[in-house]
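Visitor: I am new to this structure. Could you show me how to read its rings and its empty space?

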Amino acid sequence: MKGFTVALLIWTLVSPSSSSNSKAWPTHTVCREGNLEVFYQSCDPLQDFGFSADQCSKHLKPKLNIRFGMILREDIKELFLDIALFTKGSSILNFSYPICEEDLPKFSFCGRRKGEQIYYAGPINNPGFEIFEGEYQVLLELYNENRSTVACANATVICS
């Protein structure tokens, strides 16, 4: 029960406000094929974003082609990604990755300014792995050098 309470608290903290003036963003399907489903919802109360992946297999390949698009609300001299993976209310992985560093821009959108668009379509490198049977919650946050949120998402991965 303690794990469920912690997961509920984390979900509440990163989900959009439930007040009558704000509405949650729609749930987007990344993929649904065979015995794998992946969907997400923006947890930023001010904006949604688009994301898709070309592969929908429980055997994730080392190079995964993705598409990601959004309009920036913050400058991104530097950009970082935090990922937290949960299952059954327990944390099983926390990971941070620098996407854009001031002296080492890895993508063409590094250095973009507030109001500009980010669109990336191409491969991302990841360690290939198999997604084990189960339901997982993934909390993702992109933030800049000032720790201002650029985008965040609550994702669910269901593998049967």
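Guide: Start with a charge and a ring. This is a predicted model. Arg-147 places its charged end over the ring of Tyr-143, 3.8 Å from the ring's centre.

Visitor: How many aromatic pairs does a search of the whole structure find?

Guide: A pair of aromatic rings is described by the distance of the centres and the angle of the planes. The search of the whole structure turns up 8 such pairs. One of them joins Tyr-40 and Phe-49, and it is stacked. The centres are 5.2 Å apart, with 20 degrees between the planes. Tyr-40 and Phe-49 are both buried.

Visitor: What kind of pair do Phe-109 and Tyr-120 form?

Guide: Phe-109 and Tyr-120 meet edge-to-face. Their centres lie 6.4 Å apart, and the planes make 80 degrees. Phe-109 belongs to the loop between β8 (104-105) and β9 (117-125), while Tyr-120 is in strand β9, so the pair ties together parts 11 residues apart in sequence. Both Phe-109 and Tyr-120 are buried.

Visitor: Which residues do ring pairs link into a cluster?

Guide: The cluster holds Tyr-40, Phe-49, Phe-51 and Phe-68.

Visitor: Now the empty space. How much lies in the largest pocket?

Guide: Rolling a probe the size of a water molecule over the atoms shows where empty space is left. Here the largest pocket has about 1700 Å³ of space. Its lining counts 47 residues. Nearest the centre of the pocket are Leu-64, Leu-81, Ile-83, Ile-124 and Leu-140.

Visitor: What classes of residue make up the lining of the largest pocket?

Guide: The lining has 41 nonpolar residues, 4 polar ones and 2 charged ones.

Technical notes: Residues are numbered from 1 along each chain as its sequence is written. This is a predicted model: local features need pLDDT of at least 70, side-chain atom pairs count only at pLDDT 80 or more; totals for chains, interfaces and linings use all residues. Side-chain values use heavy atoms; hydrogens and water are left out. Rings of Phe, Tyr and Trp (its six-membered ring) pair if their centres lie within 6.5 Å; planes under 30 degrees apart count as stacked, over 60 as edge-to-face and the rest as tilted. Buried means under 20% relative accessible area, exposed over 50%, partly exposed in between (1.4 Å probe, protein chains only). Helices (H or I, at least four residues) and strands (E, at least two) are DSSP runs, numbered from the N terminus. A charge sits over a ring if NZ of Lys or CZ of Arg is within 6 Å of the ring centre and within 35 degrees of the ring normal. On a 1 Å grid over the protein atoms alone, a cavity is a set of points where a 1.4 Å probe fits but cannot get out, and a pocket is an open set with protein on both sides within 12 Å along at least five of seven lines; lining residues have an atom within 4 Å of a point. Grid points are joined across faces, edges and corners, and a volume is the space filled by probe spheres set on the points. Ala, Val, Leu, Ile, Met, Phe, Trp, Tyr, Cys and Pro count as nonpolar, Asp, Glu, Lys and Arg as charged, and the others, Gly among them, as polar.
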